[in-house]
Amino acid sequence: MMTLASARTMPPFNFNSASNMSRSFSFFYFFILSFFLVSCDSGDIIEKTTAKEENGHTVKLTASVTGMTDLTDKYTLSLATFKAGDSYATTVYNVPATANDNGEVNIIMPNVGDDVSTVELTITNRLRQRVITLASISMSDYVSATDTIRLNIGTVDVGMFNVIQHNVFNQSCIQCHGGNGGGGAAGLNLTEGQARTNLVDVASTRKEGMFRIVSGNASQSLLHQILAEGGEEVLHYNHTEVLSSQFKNDVAAVRTFIDDWINKLKIEN
Ligand code: HEC
């Protein structure tokens, strides 16, 4: 059972992410923040944990995180709660950007109530919208749990390309673009260790004059065009569908994440 002492001393702990919101979202954010102040009151977390343990579960995340500096200031690694079907987090605890490479991260999230469907280690954008989830627990599996629910995920590399490799290419692309002797469909191998050199500044085998990825320019990149809304007809195989069937309501945020990675690439030589 989580004790008061351990909750107080367990760094790093960051209750809300007011500091990384841009001014343009401040009105929206004020609305969200007011909701939080009413429902959680950050000043009283510890008191409430002890006073009302029956009010919800406590989830403890332990992870060793690398690649944090690669997540531009647009994105945050967060332990976040979601209601069923929601793309926007209800509660967000940021993994501090100061977490050192290989530094162990411990985050304790108390008062996870019955209305929470999942607790996720996820990359969120500035609107607290889920972008890509790295680990998730379904609270319906813990209805009768009385102890702290531990989410131990080992080492996780949150560098943007690594996230795309593991959570997009490995899940939805390598069944066609796998090694299997040749390069896979269209001569494109998207397996680990191969994908990057097969994509970045490499000419398309299907669209003359185009590159699979143009460093620093997502909109000119074939990869962007085939995954984007409206990209269904660009190739003989509908790739837009591939991405939307994996990510459903979150697909727009995932497309933007991939674009942001491409736009960040520096043109070599
Ligand atoms: C069911 C099989 C299948 C899946 C899954 C698939 N692809 Fe493809 N992909 C193809 C085929 C077939 C082509 C060639 C289409 C054509 O000839 O017009 C292709 C072509 C491409 C091209 C163009 C390559 C070039 O040189 O022009 C890219 C880029 C690409 N796929 C990326 C992806 C990514 C990224 C994913 C995962 C999100 C993915 N594909 C998932 C079958 C697939």
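## Exercises on a predicted chain and its ligand shell

Val254 is buried, because 22 other C-beta atoms lie within 10 Å (a residue is buried with 20 or more other C-beta atoms within 10 Å of its own, exposed with 12 or fewer, and partly exposed in between, C-beta atoms being placed from the backbone). The model is a predicted one, in which local features need pLDDT of at least 70 and side-chain atom pairs count only at pLDDT 80 or more, while totals for chains, interfaces and linings use all residues. Residues are numbered from 1 along each chain as its sequence is written.

**Exercise 1.** Place Val254 in its element and find what it touches.

*Solution.* Begin with the element: Val254 belongs to helix H8, residues 251-264 (helices are DSSP runs of H or I with at least four residues, strands are runs of E with at least two, and both are numbered from the N terminus). Next, set aside the neighbours within four places in sequence; Val254 is then in contact with Val131, Ile132, Leu243 and Phe247, where contact means that the C-beta atoms, placed from the backbone, lie within 7 Å. Finally, take a C-alpha to C-alpha distance: Ser244 is 10 residues from Val254 in sequence and 9.4 Å from it in space.

**Exercise 2.** Test the span of H8 and locate its buried side.

*Solution.* The expected span of a helix is 1.5 Å times one less than its number of residues. For the 14 residues of H8 this should be 20 Å, and the end C-alpha atoms are 20 Å apart, which agrees. The buried residues of H8 are Val254, Arg255, Phe257, Ile258 and Ile262. These residues lie on the same side of H8, because they cover an arc of only 160° around the axis, the arc being that of the directions from the helix axis to the C-beta atoms. The cover over the buried residues of H8 includes strand E6 (130-138), H4, H6 and H7.

**Exercise 3.** Assign the two faces of H7.

*Solution.* First collect the buried residues of H7, which are His239, Leu243 and Phe247. Because they cover an arc of only 55° around the axis, they fall on the same side of H7. The face turned away from that buried side carries the exposed residues Glu241 and Ser245. Among the elements that cover the buried residues of H7 are H4, H6 and H8. After H7 comes Lys248, whose phi is positive, near 50°.

**Exercise 4.** Describe the residues that surround the ligand.

*Solution.* The ligand is surrounded by 23 residues, of which the closest are Cys173, Cys176, Ser204, Arg206 and Leu235; a residue counts as near if its C-beta atom, placed from the backbone, lies within 6 Å of the molecule. Two or more residues of this shell come from each of helix H4 (160-173), helix H6 (222-227) and helix H7 (239-247).

**Exercise 5.** Consider the chain as a whole, including its confidence.

*Solution.* The chain has 8 helices and 7 strands, and buried residues make up 29% of its 269 residues. Of the contacts with a separation of 6 or more, 61% join residues 24 or more positions apart. The mean pLDDT (the predictor's confidence in each residue, from 0 to 100) is 82 for the chain, with 76% of the residues reaching 70 or more. Over residues 1-52 the pLDDT is below 50, and this stretch has 48 contacts in the model beyond near neighbours in sequence.

Definitions and conventions
Two residues are in contact if their C-beta atoms, placed from the backbone, lie within 7 Å.
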